Amino acid sequence: MSDSMAKLSDGKTAEHSPAIVEFASHAYDSFKYNLVQAPVTGVMQLVDHFEGTKYAQETNVIAAPDKDDKFLSAEWFGDVVGGTGAAMVQFGLLHRLVGTGAAAKLETSERYGLKAALPYVAKSAATGVVIGSVFTPSDDTTDNFLWDRAKHGIVDGLSFATLTGGAIGLRSTGKAILANDAVANGLSSVLAGEVAADANARAFKGHWLATNPDRIQTIASYVVGGAAAGGLNLAHETLAPTTGIKGVRTIADAERMADSTMVAGHPEQYEFDNKQNFPPKPELLLDGRDLSQSPWYDQVAAFMRDKINLSSLPLEERKRIVAGFQQLGYGEETIHQIRDSITGDIISVYGSAREDRFRNALARWFGGMNGQKGNATITGGTIGVMRATNRGAYEANGISVGIPAKFKFEVGGKPNGYQTHVIPTRDFYVRMELLKKANAFVVFPGGIGTLAEGTDTITHVQTEKMPQYLMQEFGKGGRDGAPIYFIGKKYWAPTMKVLRGFVKAGTMSPEDFSLFKVLDDPRDVFKDLAKRKAAAHQALAEATAEKKPATSA
C-alpha cells in the first residue's frame, strides 16, 4: 500500500491522505487480529505446548498489527478503534454472562446484596479466566508460558468480575438512567477497563500503574464493548425476557402490572371477625337448640355427633369425622351457590404461604384479571400467594374465596381480609377437596403443600375422578378436561425432571404430560382457557347439529 493510495473493498482505488490510510489500515488489521486470529492462536498455543505440535504457526494467517506507541497518532487511533470493535463483538457474545446480562437474573429478587450477587460475579470471573487463559495468545517461547496464561486469566477474571459487580450495583439503585443496560454496562466498564489496564501493567510490565495511552485504549475498548453488550442485552430482554414475561423484568414491573387490575372504589381490606355466620362446632349442636331451621349439613352433623359415640373410635377421630363432614358440606354448598351466581368460571390458585414480592405481584395480577373477567377465585385463604391472589380479585370487585386451615405457619388459619367468602376448615384434606371444586387450576411457585395440591389435582384428572360438570366447560371431560397450569418454567423444572424420571421408570405414562401445562406468563393462562372454551363450544355445537332430525322436503 503506497503512502497516497489505498485499495478499497470493491477493488477500486482512491486517493487518501497518509494519516487516513494508516488509521484505516491499523483499524482493520487490529479488528481482524483481535476478533479472529488472537483467539485461534491462543487455543493453538495451548495445544502446541502440551502436544509438541506447531499448529499456532500453521494457523497464523492474520498478522498482528504493528504497534505504534506514539500517543494520539493515526496508527494509535486505528489500534484503538479496531480493538474496540473486536471488543464489542466479544462482549456481545458474552452479554448473558457478564454485566447487565448477569444482573437481569437478580432483578426479580429483593436480595441484591453481596451474598445474592456473589454467584453471578463469580460466574463472570470464571468466564474471564477462561477467556484470558485459553483464548488470549502469549509468548510461547518462554519457560513461564503457563504462568503467563494464568496471569492473563487473572487479569480478565478481575475485570469481568468488576464489570458485573458494578452493573448489578448500578441497576439495584432503581434509578431510571442507571436501569438502562447500555448505561449501566458502560459506566461499569470504566472501572473494569481501569482494573484491566493496571492489572496488565503489573502482571506483564512490572509497573504498578498503566501508562496513559494503554489506560485510555483499554478503557475505551471496555466502555464501548460493554455499552454495546448492554444494548444487546436490552434487546434480548425485550424479545426473550429472563422472566419469560414480556414487559416484566423487575419487581416494579410486576407490581405495576398488578396495580392495573384494581378498580376505582374497590373495598378496603377488612379485619376478620370470628363471629361471622359459620357453622357451629359439632359438639355445640346438641345443646338443646332447635335445628329444624338449620342448614342440612348442621342437622346431619348433629345426627352423626349423636350416633358416632357408639363407635370405638378415639374422641379426637370422632370429632374429625363429624367436623370434616360439616365443613365439607358447608364448603360445597357455598361454592355451588357462588357457581350459580356468576356467568364465568371458578379458578383455584395454589401457591406458597411464604412472601416473595415478585411472585406475589404476578399472583395479584392474576386474581385481579380473573375478577375482571367475571370469574370467581379460590385460594387457601391465608398468606403469601394466597393473600396476593385474593387481594387482586377483591380489589377488582370480583368474587374472592378463601379456604383457610388451622396451620401454625399460616397464622393459625386466619383469613387474609381480602375475601368475599370464607370457608374455614380444620383439616388439610377438607381444604384440598374444596379447592378442587373449580373449572381450572393455576399452580404458582410453592413448597410441599403447593406441590401436593397440584399433583393431587392432576391425579384426580388422570384417574377421571374430577366431576364431569367441573370439566365440561373446557373440554370433553375425562382426561381432556380441567386445565391445570404451573407458573414458572425455571422454578418447576426440577419437578418436571422428576416426572420424566417416573416416565422412564415406567410408573407414569408419557401421555400424562398432556394433563397440564408449564408457563412463564400468567397471561397465557387466559389465552389458553379462551382457546379451550372456544373449541369446547364448537364441539358442542357440532354434536348438537348432528342430533337434529332432518327436515322433510
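# A walk through the helices and loops

Gly384 is buried, with a relative accessible area of 1%. Select this glycine to begin the tour, and keep in mind that the model is predicted. Gly384 sits in the loop that joins β4 (376-379) to α13. Now add Ser352 to the selection: the two residues are 32 apart along the chain, and their C-alpha atoms are separated by 5.9 Å. Which residues touch Gly384, once neighbours within four places in sequence are left aside? Show Ser352, Ala353, Arg354, Glu355 and Asn360, and you have the contacts of Gly384.

Next, follow the chain to the other end of α13. The loop between α13 (385-395) and β5 (399-402) holds Asn397. Check the backbone here: Asn397 has a positive phi of about 60°, although it is not a glycine. Is Asn397 buried or exposed? With 51% relative accessibility, Asn397 counts as exposed, because the cut-off is over 50%.

A second residue to inspect in the same way is Glu464, in the loop between α15 and α16 (468-471). Glu464 is not a glycine either, and its phi is positive, at about 60°. Its relative accessibility of 52% makes Glu464 exposed.

While you are by α15, bring up its packing with α14. Two packed helices are described by the angle between their axes and the distance between the axes. For helix α14 (residues 428-435) and helix α15 (residues 448-462), the angle is about 55° and the axes are 11 Å apart. That angle makes α14 oblique to α15. Turn the view to look across the pair, and you will find that the crossing is right-handed. To see the contact, select Phe428, Met432, Glu433 and Leu435 on α14, then Gly449, Ala452, Glu453, Asp456 and His460 on α15. Coloured by class, this contact of α14 with α15 shows four nonpolar, two polar and three charged residues.

Now move to another helix pair. Helix α10 (residues 296-307) and helix α11 (residues 315-341) have axes that come within 9 Å and cross at roughly 170°. This makes α10 roughly antiparallel to α11. On the α10 side, pick out Trp296, Tyr297, Asp298, Val300, Ala301, Met304 and Arg305. Their partners in α11 are Ile321, Val322, Phe325, Gln326, Gly329, Tyr330 and Glu333. The contact of α10 with α11 is made up of nine nonpolar, two polar and three charged residues.

From there, go to helix α9 (residues 251-259) and look down its axis. Which residues of α9 are buried? They are Ile251, Asp253, Ala254, Met257 and Ala258. These buried residues cover an arc of only 165° around the axis, so they are on the same side of α9. An α-helix has 3.6 residues a turn, so residues three or four places apart point the same way. To see what lies over the buried residues of α9, display α12 (357-372) and α18 (523-547), which are among the elements covering them.

The last stop is Arg215, in helix α8 (residues 212-239). Is this arginine, Arg215, buried or exposed? Arg215 has a relative accessible area of 15%, so it is buried, the limit being under 20%. Finish by showing the residues around this side chain. Apart from neighbours within four places in sequence, Arg215 is in contact with Glu194, Ala197, Asp198, Leu209 and Ala210.

Methods. Residues are numbered from 1 along each chain as its sequence is written. This is a predicted model: local features need pLDDT of at least 70, side-chain atom pairs count only at pLDDT 80 or more; totals for chains, interfaces and linings use all residues. Side-chain values use heavy atoms; hydrogens and water are left out. Axes are lines fitted to C-alpha atoms, for helices over the stretch in contact, and angles run from 0 to 180 degrees between N-to-C directions. Helices (H or I, at least four residues) and strands (E, at least two) are DSSP runs, numbered from the N terminus. Angles under 35 degrees count as roughly parallel, over 145 as roughly antiparallel, 65 to 115 as roughly perpendicular and the rest as oblique. A crossing is left-handed if the near helix is turned anticlockwise from the far one by less than a right angle, and right-handed if clockwise. Contact means heavy atoms within 4.5 Å. Ala, Val, Leu, Ile, Met, Phe, Trp, Tyr, Cys and Pro count as nonpolar, Asp, Glu, Lys and Arg as charged, and the others, Gly among them, as polar. Buried means under 20% relative accessible area, exposed over 50%, partly exposed in between (1.4 Å probe, protein chains only). The arc is that of the directions from the helix axis to the C-beta atoms.
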